[in-house]
Every structure is written in structure tokens, then in C-alpha cells.
Amino acid sequence: MKRLILILGDQLTLDSPLLTHFDAATDEIIMIESQHESDYVWSHKAKIALFLSAMRHFAQELRDAKYRVIYHKLDDATPVSRFSDAVTRAAQMGDFDEIVVTEPSEYRVLEEIKLLPDLLNLPVDMRPDTRFLTSHSDFQNWSAGRKSLRMEYFYREMRKRYTILMEGDQPIGDQWNFDSENRKPPKNGLDVPKSYSTQPDKITMEVINLVEKSFNDHFGDLKPFNFAVTRQQALVVLDEFIDKRLSMFGDFQDAMIEGEPWMFHSHISFYLNCGLLTPLECIKAVERAYYDNRAPLNAVEGFIRQVLGWREYIRGVYWYKMPTYKSENF
């Protein structure tokens with residue numbers, strides 16, 4: 001069977017279920033920089049550049065690992081407007097038996113993918129999204145029969161399921177949530193560590209120039225560009241957070257100081273959201289810092305609640321309530 005494997009721009013994970021049983025002799029990967037995906041939401045220039053650079057680096061990593069990759073760039077001679085156009089073109093030229101894709105993170109993209117079987121007269125195998133720890137059915141089962149969906153109760157179930165900061169069936173520290181300890185005002189002379197920085201390589205500089213030219217009406221500055229664009233760089237960001245910021249993250253989680261945009265936060269949401277980091281590895285790394293006496297419980301629990309609790313919960317509510325959710329206003 002010859003398969004066309006579609007990797008979306010926020011699914012940059014080498015251990016993705018998409019690549020299970022990849023047949024290098026017949027299968028091909030397709031990745032698409034789509035004009036529609038880049039500008040349908042008004043975005044900061046640096047966000048566009050981060051995703052495009054991460055995609056191009058990931059495609060190169062795949063090629064280095066001997067995967068066959070079809071890659072569409074925004075600055076190609078014949079760019080594509082939508083990802084479905086590129087998939088259609090590849091399917092017509094490649095004589096594939098099946099399209100394989102990971103479930104997308106947005107409802108509108110899912111609706112577009114659902115059109116592919118009839119459009120291409122090919123079956124579409126949709127794999128689960130391993131960038132999250134809760135399946136849609138898991139969240140639906142948890143939500144069933146509840147009068148209200150409280151994140152706190154969901155979070156406690158997730159702590160138990162993944163045995164995070166637990167002693168038997170009880171939370172370490174005898175309470176689930178240390179949020180009351182995470183609201184300290186900033187002190188005078190607070191020493192905030194410098195944020196991650198790196199020198200953009202050739203691929204990133206090409207992307208920066210492209211974004212400056214093609215998205216010059218979008219807001220924000222592109223330079224200095226100090227974002228990770230590969231998994232190895234993202235792991236450095238995670239390590240720096242644990243080494244330099246985690247111990248103070250809890251106390252000053254809600255603090256804001258003029259001229260200090262980064263404070264003690266982790267700066268890893270970008271990399272979780274595009275697949276360079278996975279949630280469980282981040283949770284486990286931070287939990288390990290607590291057991292190694294490198295960070296206090298209120299800081300560690302506060303971070304874990306954001307990733308294991310809030311991130312999973314919001315994603316669950318989104319899919320549980322869509323498509324009507326987008327028109328609600330509370």
C-alpha cells in the first residue's frame with residue numbers, strides 16, 4: 001500500500017503515530033506552508049516566522065532520516081493557497097492508496113480534512129493526536145452527567161491517571177492546588193534571568209526575510225528573533241526554565257513588572273503547540289525537579305496544573321462544545 005502522509009504545521013513530532021510503520025520504499029510525507037493557514041488569523045510576525053522555520057527544520061530532519069518529503073513553501077514559484085490544494089495535487093500525481101493524517105487541533109481544519117475522501121476518492125486514516133494526554137472520548141466520558149465542567153476536578157483526575165505528585169491516592173502536600181501561594185507581589189530588586197537566546201541560522205534568516213516581505217502588514221517585530229525552531233533547541237529552553245526560573249515561578253506566577261515581559265514563566269507554550277516538546281516529558285521533568293529538591297512544591301504544582309490541567313481541559317471543552325462553542329458569548 002502506498003500512503004501519502006500529511007503532517008500539519010503544528011505536528012512536528014518525530015515519534016508521531018503518523019510515522020509508525022513508515023515504508024520508505026513507497027510512502028511519502030507532505031508538508032505545506034499555506035497562505036491561508038498563515039494569515040487567516042491576524043498574527044504576530046514572530047509567530048509566523050517561528051512556525052515556518054520550525055516546519056522547514058523539521059522537514060530537513062525528516063530528509064536526513066531518509067524519509068521522502070514533499071514540501072511546499074510560501075515562496076515557491078507556484079505556492080498553494082490551502083493545504084487541501086497541495087494534497088489534491090500530490091494525490092493526483094502519486095497514485096496513492098491512502099491518505100494518513102493526525103487529527104487536527106482546530107475544528108475548521110477537521111472539516112476540511114473530512115472532505116478529502118470524496119474529493120480524492122481515497123480513504124483517509126486519521127490517527128490520534130499524541131500532543132495531548134486526553135482523548136476526545138475520555139473528556140466526553142468525564143463530562144457526561146456533570147452540571148458544570150470544573151477544571152479543578154478534571155485536573156485531579158489527570159493527576160491520579162498519570163500519577164503526578166501523588167502519594168498513593170493522595171496528593172503530595174495534602175492538597176491538590178497551591179494557587180493561593182502563587183500570588184505574591186514582585187519584590188524590589190527582583191533578579192529576573194535572561195530569556196533564551198540563539199543566533200538564527202540560514203533557514204531561519206530566510207524565513208524572517210520572507211515574513212518581513214509577505215506579511216509586512218502584520219504587527220510585531222521580527223528582530224531580535226530568540227525562539228527555538230528545533231526539538232534540540234526547545235529542550236534547552238525547557239532545561240533553562242527548570243534551572244533558572246522554576247524555583248521562583250510559583251511565587252510570582254501572576255506578577256507583572258514593566259520592562260520584564262518574560263518574568264519566571266517557562267516560555268515553552270510555543271513548542272508544546274507545534275510539537276517540538278510533548279506535555280508528559282515537560283511534566284515529568286518539572287516533577288523530577290521537585291523530587292531532586294531543586295524547586296518548591298507550589299512552583300512545581302503550579303506549572304503542572306497549567307499543562308496537565310488547564311491545557312488539557314481547555315482543549316477538551318473546545319472539542320466537546322464545537323461547533324456551537326465559537327458563537328457562544330459568556
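A residue is called buried when its relative accessible area is under 20%, exposed when it is over 50%, and partly exposed in between, using a 1.4 Å probe and protein chains only. Helices (H or I, at least four residues) and strands (E, at least two) are DSSP runs, numbered from the N terminus.

This is a predicted model, in which local features need pLDDT of at least 70 and side-chain atom pairs count only at pLDDT 80 or more, while totals for chains, interfaces and linings use all residues. Residues are numbered from 1 along each chain as its sequence is written, and side-chain values use heavy atoms, with hydrogens and water left out.

**Helix α12**

Of the 25 residues of α12, 19 are buried, so the helix is largely enclosed by the rest of the structure. The expected span of a helix is 1.5 Å times one less than its number of residues; for α12 (residues 297-321) this gives 36 Å, which agrees with the 34 Å between its end C-alpha atoms. The helix also has a kink of about 35°, centred on R305, where the bend at a residue is the angle between axes fitted to the seven residues ending there and the seven starting there.

**The sheet**

Two strands pair if DSSP finds at least two bridges between them. By this rule, 5 strands form an open sheet in the order β3-β2-β1-β4-β5, with parallel pairing. Its edge strands, β3 (69-72) and β5 (124-127), each pair on one side only, and the twist averages 20° from one strand to the next. Strand β4 (residues 98-102) runs parallel to β5 and is joined to it by 4 bridges; I99 has V124 of β5 as its bridge partner.

Helix α3 (residues 83-94) packs on this sheet, touching β1 (3-6), β2 (28-32), β3 and β4, and its direction makes about 150° with that of β2. Contact here means heavy atoms within 4.5 Å, and axes are lines fitted to C-alpha atoms, for helices over the stretch in contact, with angles running from 0 to 180 degrees between N-to-C directions.

**Backbone details**

Two residues that are not glycine have a positive phi, as the table shows.

| Residue | Phi | Place | Relative accessible area |
|---|---|---|---|
| D95 | about 55° | loop between α3 and β4 | 65%, exposed |
| N121 | near 55° | loop between α5 (116-120) and β5 | 68%, exposed |

A cis peptide bond, with omega about 0°, joins K223 and P224, and P224 lies in the loop between α8 (202-214) and α9 (231-249). The peptide bond from M322 to P323 is also cis, with omega near 5°, and P323 is found in the segment after α12.
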